[in-house]
Each structure stands twice: as structure tokens, then as C-alpha cells.
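Subject: Structure handover

Hi,

Here is the structure I promised to pass on to you. Please open it alongside this email, and then read on for what turned up.

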Amino acid sequence: MLTLLKQEYYKAFKQNKLYIWLILSFIFPITIIGTFKSQRTTAVVINLGQALLYVQLVGIIITALSISQEFSFGTIRPLLSRRFSRGSVFVSKLLLNLSVFIGLFATAFVGTVLAVVLFIPKYDFSKNLGYTGNSWQTMIIAVIDTAIQMIFVSSLVLMITSLVKNSGAAIGLGVFMIVATPLLGAISVKIIDLAAFFKWNPFNIYLGMTNIGQWPPSLMKQAMQISQNGLIVAYLIYIVLMYVIAYLIFKNRSV
């Protein structure tokens, strides 16, 4: 596994696009906060200079390409010919993607702090913002919420990519999940109206988890009709299920 991971990192860093994505993650908040005075607000700062959306979109692309390119470029055959199991290849992809996600968050965070120092020098990170705490704490919550969304959407993207052998379709679905949150909310409400049981539908679980930590548990239960602990358990079940399905499809896919 260690040899396989080294090979995956070598391939990743050999591609200039990885460096470009990381650099853009750093530049994005600086550009937004530095260019637009209207974006020099607390809400923008805690969302890492609006870079959280960028991180999500790049995360989707990376996830889809990590699997699809192995088959489209034919590099999966040399891997398997070296007696690497499909399971180890799949896990190495997940670990690589996770480390890139962390890198994107880290560079966006550093870029945001630098942008605040340069363009909002009087900004007070220690000022209390309410239930979520001060700016530092709220930024951490925002990053965790985004990571939760990315893990969910990435599992879906992996499953679709492995199934249809098309990264474009998976990327499109992933982008839809991120930018069409109001529509997903409306769809979820309609589904729940059919029967109370449907409150466990994946849209409702996904939407609930996007706000975990930002809403008090009582408000969360009232809005989603599920307790916070129930949301977490359902989320974990969906995640495990989708990643297992994605792996089974990957395992049985012809090369």
C-alpha cells in the first residue's frame, strides 16, 4: 500500500494542474476580499473569502478524474499487472483525494487570513458571533460543514463515475448538489409530504448535515424533523453504503 501511495502522489504532483488548483485556492480569497469592498464582511471571512465554494467544486473534479482517468488513459492495467489489488488502488485514490482536500482548505485558510490582514486590518477575529462562537470557531465550523458536504457528494460522484464511466456526468451531478441547495430543499419537502418516513431521504440528510454545528440541536430537529444524532447516524450509513457500492462497481469494472 505504501508503494502504491507513493506512486499516486508522484503522479499527482507531476501534473501541473494540482499546483494550479492549490495556488488558486490561496489566491481566491485574496482576490475576492481585495477587489470587492462589499465582500469585506464577517460572513465572507468565515466562508474563507468565498473560497469554500471553489474548494467544493475542485474537490468534485478531483474525485471524478481520480477514477475515470485511470481507465481512459489505460493506466489501470499497469497497476493491476503489478499485483496491486483493486481494493488497494481504490483506497489509495480515497487517501490521495482526502489529502488534496486538506491542502485546498489549508491554502484557502492562509489566503483568507492574509487578505484580512491586508484589506481588513481592524477585523476582530475574537468577536463573538452568537451560537457558533467567535470568527475562528465559526470558520472551523464552516470548514467542517463543507468537508461533510464534500465527503457525501464525493461518494456519490465516485459511484456515478464508476457506473457510467463518464466523469462529466458525475461532475455535473456533484455541482448540482452543491449549487442547487434550495431546489434540493424543495424536493425534500415534497418527498416528506408523501409520508413521514421519507424524512430519511438522502436529500434531507444531506441538507441537515450542511447546517450541523451552525444551528442549535433543537432548531435542527424542528427544521429537519430528525434529531441531530439521528442525522449523524443516517449520514454515516449513507456514506458507507455509497462508498461500498462505488468500490463494488470499481472492482467489477472491465479494464
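A residue counts as buried here when its relative accessible area is under 20%. By that cut-off Phe101 is buried, because its relative accessibility is 9%. I'll come back to Phe101 below, after an overview.

Please keep in mind that this is a predicted model. Its mean pLDDT is 83, and 91% of the residues reach 70 or more. Confidence peaks in helix α3 (residues 42-46), with a mean of 93, and is lowest in helix α5 (residues 76-81), with a mean of 67. Where pLDDT is low, the predicted coordinates should not be read in detail.

The overall picture

The protein has twelve helices and zero strands, so the pattern along the sequence is α-α-α-α-α-α-α-α-α-α-α-α. Its C-alpha atoms fill a box of roughly 60 × 50 × 30 Å along the principal axes. The radius of gyration is 20 Å, which agrees with the value near 18 Å that a compact globule of 255 residues would have. Of those 255 residues, 45% count as buried. Among contacts with a separation of 6 or more, 72% are between residues 24 or more positions apart.

As for the surface, about 12,800 Å² is exposed, and carbon and sulfur atoms supply 70% of that area. The charges comprise 19 positive and 5 negative side chains, with the centres of the two sets 10 Å apart.

The loop between α3 and α4

Two residues here deserve a look at their backbone. Most residues other than glycine have a negative phi. Leu48, however, has a positive phi, near 55°, and Gln50 has one of about 65° although it is not a glycine. Leu48 is in the loop between α3 and α4 (51-72), and Gln50 lies in the loop between α3 and α4 too. Are these two buried or exposed? Leu48 counts as buried because its relative accessibility is 0%, whereas Gln50, at 33%, counts as partly exposed.

Helix α6

Back to Phe101, which sits in helix α6. Leaving out residues up to four places away in sequence, Phe101 touches Gly59, Thr63, Met150 and Ser154. Gly59 and Thr63 fall within the span of α4, residues 51-72, while Met150 and Ser154 fall within the span of α7, residues 135-164. Val58 is 43 residues from Phe101 in sequence, and their C-alpha atoms are 8.7 Å apart in space.

Asn97 is also found in helix α6 (residues 86-119). With a relative accessibility of 4%, Asn97 counts as buried. Beyond its neighbours within four places in sequence, Asn97 is in contact with Ile62, Thr63 and Ser66. Thr63 therefore appears in the contact lists of both Asn97 and Phe101, taking contact as heavy atoms within 4.5 Å.

Helix α7

Which residues does Ile141 contact, its neighbours within four places in sequence aside? They are Thr132, Ile212, Gly213 and Gln214. Ile141 itself is in helix α7 (residues 135-164). Its C-alpha atom is separated by 19 Å from that of Leu57, which is 84 residues away along the chain.

I hope this gives you a good start with the model. Do write back if you would like to talk any of it through.

Best wishes

Key: Residues are numbered from 1 along each chain as its sequence is written. This is a predicted model: local features need pLDDT of at least 70, side-chain atom pairs count only at pLDDT 80 or more; totals for chains, interfaces and linings use all residues. Side-chain values use heavy atoms; hydrogens and water are left out. Helices (H or I, at least four residues) and strands (E, at least two) are DSSP runs, numbered from the N terminus. The radius of gyration is taken over C-alpha atoms; the globule rule is 2.2 Å times the number of residues to the power 0.38. Buried means under 20% relative accessible area, exposed over 50%, partly exposed in between (1.4 Å probe, protein chains only). Accessible areas come from the Shrake-Rupley method with a 1.4 Å probe; for residues, only the protein chains shown count as cover. Lys and Arg count as positive and Asp and Glu as negative; His and the chain ends are not counted. The place of a charge is taken as NZ of Lys, CZ of Arg, CG of Asp or CD of Glu. pLDDT is the predictor's confidence in each residue, from 0 to 100.
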